[in-house]
Amino acid sequence: MSISVLKPGLLTTVQDAGRHGYQHLGVPVSGAMDFFSHRIANILADNKADEATLEITLRGPRLRFERDALIALCGADLAPTIDGIIAPEGKAVRVRAGSVLDFGDSVAGCRAYLSIHGGFDVPVVMGSRSTYDTARIGGLDGRALRRGDVLAVGSAKSAAYPGLSRALAASKRSFVAPKWAVNQHTEKLGRSLQIVRILAGRHWDAFAPAAREALITHEFRVAPDSNRMGCRLEGPGLVEGGADVVAGGAGEILSEAVTFGTIQIPPSGKPIVLMADRQTLGGYPKIAEAASVDLHLLAQLRPGDRVRFELVSLAQAQALWLKREQEIITIREAVEKHLTE
Amino acid sequence: MLPAPRFVPMGDQALIAEFGDSVDAALSARIAALAQRLRESRPIGVRDIVPAYTTLALHYDPAAFGAGASPYETLIATFESWLKTQTAAPLPPGRQIEIPVCYGGAFGEDLEALAQSHNLSVEDVIAIHSGATYYVHMLGFVPGFAYLGGLDARLATPRLATPRPHVPAGSVGIGGAQTGVYPLDTPGGWQIIGRTPLQLFKPDAMPPSLLDAGDAVRFVPIGAQEFAARSKAAA
């Protein structure tokens, strides 16, 4: 089974839950930016949690399925169609061999995730299939998809949704989908103004009160040079009287580990939220970290979209995360009940 | 012996243990050794253990610590009691790694200008650079890149005014008070003085990086012929 890439889209990469365990050797974690949508897509396609999906950015690819396949699309609404018919999101979808998945302009959000039953069969590098193109590792030859690529798909391990297979055989349509869907809150994912909860960072106290205040009261705009490494924000500068204190004037600190969601303040004063492909160490003051439960909201912001930060405690952030984990388990159990239908 | 660390959260899935506040080869060597041992003990719920100059970061999965307890507090308590078992154990001797370098010529296009800027001969620069022992404080920036301490102050040289868009993997450079080896083809602003035929980062090898924090490194001058032979052997 394979998928032919007729058009690559703006930036389409194979991603999974990330390359953990090698950060001490300078290897970034990478992985899906919106890991919730990635996980739900895998659940819908009856995949194990460690399978990879395709992360599709803003302008999607054109893909042809060479065999019948079970897929799911989650995350941003990038106007997906299959053979010209609007393709459903948040659903298991059975597609016919030869049909073509295409995308239009982004309706809501920045990143969509395509899962396929059996997973994308690319080599596991250091425990992960995630693409990290700076070091040319993971994914398809360590890079984003190109026109003419052929993506191998792992062999099907289950006969999930037998009813869908029968319905496809009995129909002339290019795809079939069930009536039920996972509510993935696309309307919230796609907002152009997001409230993202943050925790005070290691250097929070070293910033002047005005800089701290600015971080949690102002709206910031996502800069066009944001990418998988970092979400760069434009807004009031936060340096004055702030980073200088941390740095003894140089605006830099002793390099040390950073994480997904670390908000660094470089000498320009413009915050950078570190994302999936961040380097493992950083040398700029860390004013805050985004709560993990809200990272997917940042991942879905498009250039020009806005974000406001709201301070929470560590205990709150961890409780929110554990609650979300529970919600995902609930979703998985609900989907599993449909697998035999 | 390491001082007792100060703990600070880094978001809701990582914490930092801080053992000091200034760069010191002995301190980072101890932190590196501790990191290696902790990694070998495979602590539950910990995904990544990342040493730096004065700190050790633990990246963890908050869902791995059971209901009720604070994952952050639980991990700190576990780590602190583990630390107590470690203080008595002697440090393992650090690894000594030799990195062959073909200095100058096409492999080190900035070597002559760098020597001139310090009123040294090219031979002097090679002798000073290859005469020192360097310590790997930590890895980062790109996979396999080692932050080396120990550059002779006579060789400290500002970075290029304009970084090069392409520096080949294996290039050995000097940037400010630091020296190091580019593990990958990347853009770079360091003054390039030579190149090693060794691959510092091999994604399919285990471990994938030639260097690890805590290693001692020496650069060994080699000629162009040996470079060619060793490149062939490494490929």
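**Exercise 1. The crossing of two helices**

Task: In this predicted model, determine in which hand α1(A) passes α7(A), and how the two helices are oriented to each other.

Solution.
- Step 1. The crossing of α1(A) over α7(A) is right-handed.
- Step 2. The helices concerned are α1 (residues 35-44) and α7 (residues 314-338), both of chain A. They pack at an angle of about 20°, and their axes are 10 Å apart.
- Step 3. Angles under 35 degrees count as roughly parallel. α1(A) and α7(A) are therefore roughly parallel to each other.

**Exercise 2. The residues between the helices**

Task: State which residues of α1(A) meet which residues of α7(A), and sort them by character.

Solution.
- Step 1. From α1(A) come Arg39(A), Ile40(A), Ile43(A) and Leu44(A).
- Step 2. They meet Ile328(A), Ile331(A), Arg332(A) and Val335(A) of α7(A).
- Step 3. Sorted by character, the residues of this contact of α1(A) with α7(A) are six nonpolar and two charged, with no polar residue.

**Exercise 3. The contact between the chains**

Task: Describe the side of chain A that touches chain B: how many residues does chain A give, and which element supplies the largest share?

Solution.
- Step 1. Chain A contributes 35 residues to the contact, and chain B contributes 41 residues.
- Step 2. On the side of chain A, β16 (256-257) and α7 each supply at least two residues.
- Step 3. The largest share of that side is from α7(A), with seven residues.
- Step 4. By character, the side of chain A that touches chain B holds 17 nonpolar, 14 polar and four charged residues.

**Exercise 4. The largest nonpolar core**

Task: Identify the residues that touch the most other members of the largest nonpolar core, and follow the contacts of Ala72(A).

Solution.
- Step 1. The core has 167 residues. Those touching the most other members are Ala41(A), Ile71(A), Ala72(A), Ala92(A), Leu114(A), Val273(A) and Leu298(A).
- Step 2. Strand β5 (residues 69-77) of chain A gives the largest share of this core, seven residues.
- Step 3. Once neighbours within four places in sequence are left aside, Ala72(A) is in contact with Ala41(A), Leu44(A), Ala45(A), Lys91(A), Ala92(A), Val93(A) and Ser115(A).
- Step 4. One of these partners, Leu44(A), is also among the residues with which α1(A) meets α7(A).

**Exercise 5. Chain B as a whole**

Task: Give the secondary structure, the extent and the buried fraction of chain B.

Solution.
- Step 1. Chain B has five helices and 13 strands.
- Step 2. Its C-alpha trace spans about 65 × 35 × 35 Å along the principal axes.
- Step 3. Of its 235 residues, 44% count as buried.
- Step 4. Among contacts in chain B between residues at least 6 apart in sequence, 60% join residues at least 24 apart.

**Exercise 6. Backbone exceptions**

Task: Locate a cis peptide bond in chain B and two residues of chain A with positive phi, and state whether those two residues are buried or partly exposed.

Solution.
- Step 1. Most residues other than glycine have a negative phi, and most peptide bonds are trans.
- Step 2. The bond from Met206(B) to Pro207(B) is cis, with omega near 0°. Pro207(B) is in the loop between β12 (191-195) and β13 (216-221) of chain B.
- Step 3. Asp46(A) has a phi near 55° and sits in the loop between α1 and β3 (53-57) of chain A. Asp46(A) counts as buried because 23 C-beta neighbours lie inside 10 Å.
- Step 4. Leu58(A) has a phi near 55° and belongs to the loop between β3 and β4 (62-65) of chain A. With 18 other C-beta atoms within 10 Å, Leu58(A) is partly exposed.

**Exercise 7. A loop of chain B and a strand of chain A**

Task: Classify Ala67(B), Gly68(B) and Ala152(A) as buried, partly exposed or exposed, and give a C-alpha separation for each.

Solution.
- Step 1. A residue with 12 or fewer other C-beta atoms within 10 Å is exposed.
- Step 2. Ala67(B), in the loop between β4 (55-60) and α2 (71-86) of chain B, has 6 such neighbours and so counts as exposed. Its C-alpha atom is 21 Å from that of Ser81(B), 14 residues apart along the chain.
- Step 3. Gly68(B) lies in the loop between β4 and α2 of chain B and is exposed, with 6 other C-beta atoms within 10 Å. The C-alpha atoms of Gly68(B) and Pro51(B), 17 residues apart along the chain, are separated by 30 Å.
- Step 4. Ala152(A), in strand β11 (residues 150-152) of chain A, is partly exposed, with 14 other C-beta atoms within 10 Å. The C-alpha atoms of Ala152(A) and Gly119(A) are 8.7 Å apart, although 33 residues separate them along the chain.
- Step 5. Leaving aside neighbours within four places in sequence, Ala152(A) is in contact with Ser2(A) and Asp121(A).

Notes
Residues are numbered from 1 along each chain as its sequence is written. Chains are lettered from A and ligands numbered from 1 in the order in which they are written. This is a predicted model: local features need pLDDT of at least 70, side-chain atom pairs count only at pLDDT 80 or more; totals for chains, interfaces and linings use all residues. Axes are lines fitted to C-alpha atoms, for helices over the stretch in contact, and angles run from 0 to 180 degrees between N-to-C directions. Helices (H or I, at least four residues) and strands (E, at least two) are DSSP runs, numbered from the N terminus. Angles under 35 degrees count as roughly parallel, over 145 as roughly antiparallel, 65 to 115 as roughly perpendicular and the rest as oblique. A crossing is left-handed if the near helix is turned anticlockwise from the far one by less than a right angle, and right-handed if clockwise. Two residues are in contact if their C-beta atoms, placed from the backbone, lie within 7 Å. Ala, Val, Leu, Ile, Met, Phe, Trp, Tyr, Cys and Pro count as nonpolar, Asp, Glu, Lys and Arg as charged, and the others, Gly among them, as polar. A nonpolar core is a set of buried Ala, Val, Leu, Ile, Met, Phe, Trp, Tyr and Cys residues joined through C-beta atoms within 7 Å. A residue is buried if 20 or more other C-beta atoms lie within 10 Å of its own, exposed if 12 or fewer, and partly exposed in between; C-beta atoms are placed from the backbone.
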